[in-house]
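Me: I'm new to this structure and would love a close look at one part of it. Could you walk me through the sheet and the helices that pack around it?

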Amino acid sequence: MAAGNLVLVTGVGGVGRTVLELLRERDVPVRAMVRRDDERADALRALGAEVVTGDLTRPETVAAALEGARRMYFAMPVSPDHLVAATVVASVARAYGRLDALVGMSQMTVSQMTATSTGESYQQRLHWLAEQVLDWSGLPVVHVRPTSFLDNPLFTALAARSIRENGTIALPFGAGRTSPVAVEDVARVVATVLRDPGPHVGRVYELTGPRTVDMTEMAEEFSRGLGREVRYVDMPPERWEAEVLGRAGLSPHVEAHIATMGRLHRENRYDRASQDVERVTGVPARSVEQFVAARRDFYLG
């Protein structure tokens, strides 16, 4: 790919880091925007990326990062500044950018929201509003809406701890169904779009695992992936929030968002399945069993 198709990647943890790796594997020129120039930035340089420091809420640093870029991946960690960042990116890109595509990382809960819905978290409301701003901007936008991530600590670190201790996954999801998706599968979609954005501009991609499962079925997939019995324990929400979530050292904003995710799972709001991962990349999203089996040592210690 020619240098004129430089991709600006923000939010280079999780999905963004994997997107960068996938693009560099294809020799796509990438500029990574980071908050601090530290050892993580050095690791990005080692992959062949150009690295710039900046802040998505500061227009002057966004303008500098956008210079010469034709494609952009916009994402940031869960933050009360999400809407400000999206508005800054949209306004600066309109004024100074020449983008062929802006891929925005959103959340699948947005698909069920309206202008006046109130049952979602403040973070989910910020994503809904950010999508409106990006659409109003007139920029060539692609919205990516993943459901909950398989790589989320709820399904990784916390699950590994309880599996080792007593062979259980303990969450307050009740009988709700879910279809979590792997970071790598979401990154494959984003990288595919950024390599050739033309067919995707104006589209919304809802990204899930291959099927929905309740938590008992998820425990069965864990059992098959790990080769040992894993059971689901449905924890009372108040106890889980006090004993697990409340002790995780999270900010109030992030803690409230995760607590809301738990409630929405209990209300069966995550009972959604899409084939968009396969539709965009040609390869199906991995199942819970496949994800867990590839990380057997992590889960079993």
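Reply: Happy to! In this predicted model, 7 strands come together as an open sheet with parallel pairing. Read across the sheet, their order is 3-2-1-4-5-6-9. The edges belong to strand 3 (50–53) and strand 9 (204–207); each has a single partner strand, so one side of each is left without a neighbour in the sheet. From one strand to the next, the twist averages 20°.

Now let's move to strand 4 (residues 71–74) and strand 5 (residues 101–105), which pair in the parallel sense over 4 bridges. One residue to find here is Tyr73, whose bridge partner in strand 5 is Val103. Helix 4 (residues 82–96) packs on the sheet here and touches both strand 4 and strand 5. The direction of helix 4 makes about 170° with that of strand 4.

Helix 4 also packs with helix 3 (residues 59–66): their axes are 9 Å apart and meet at an angle of about 50°, which makes helix 3 oblique to helix 4. The crossing of the two helices is right-handed. If you want to pick out the residues that make this contact, look for Pro59, Val62, Ala63 and Leu66 on helix 3. From helix 4 come Val88, Val89, Val92, Ala93 and Tyr96. Sorted by character, the residues of this contact between helix 3 and helix 4 are 9 nonpolar, with no polar and no charged ones.

Key. Residues are numbered from 1 along each chain as its sequence is written. This is a predicted model: local features need pLDDT of at least 70, side-chain atom pairs count only at pLDDT 80 or more; totals for chains, interfaces and linings use all residues. Side-chain values use heavy atoms; hydrogens and water are left out. Two strands pair if DSSP finds at least two bridges between them. Axes are lines fitted to C-alpha atoms, for helices over the stretch in contact, and angles run from 0 to 180 degrees between N-to-C directions. Contact means heavy atoms within 4.5 Å. Angles under 35 degrees count as roughly parallel, over 145 as roughly antiparallel, 65 to 115 as roughly perpendicular and the rest as oblique. A crossing is left-handed if the near helix is turned anticlockwise from the far one by less than a right angle, and right-handed if clockwise. Ala, Val, Leu, Ile, Met, Phe, Trp, Tyr, Cys and Pro count as nonpolar, Asp, Glu, Lys and Arg as charged, and the others, Gly among them, as polar.
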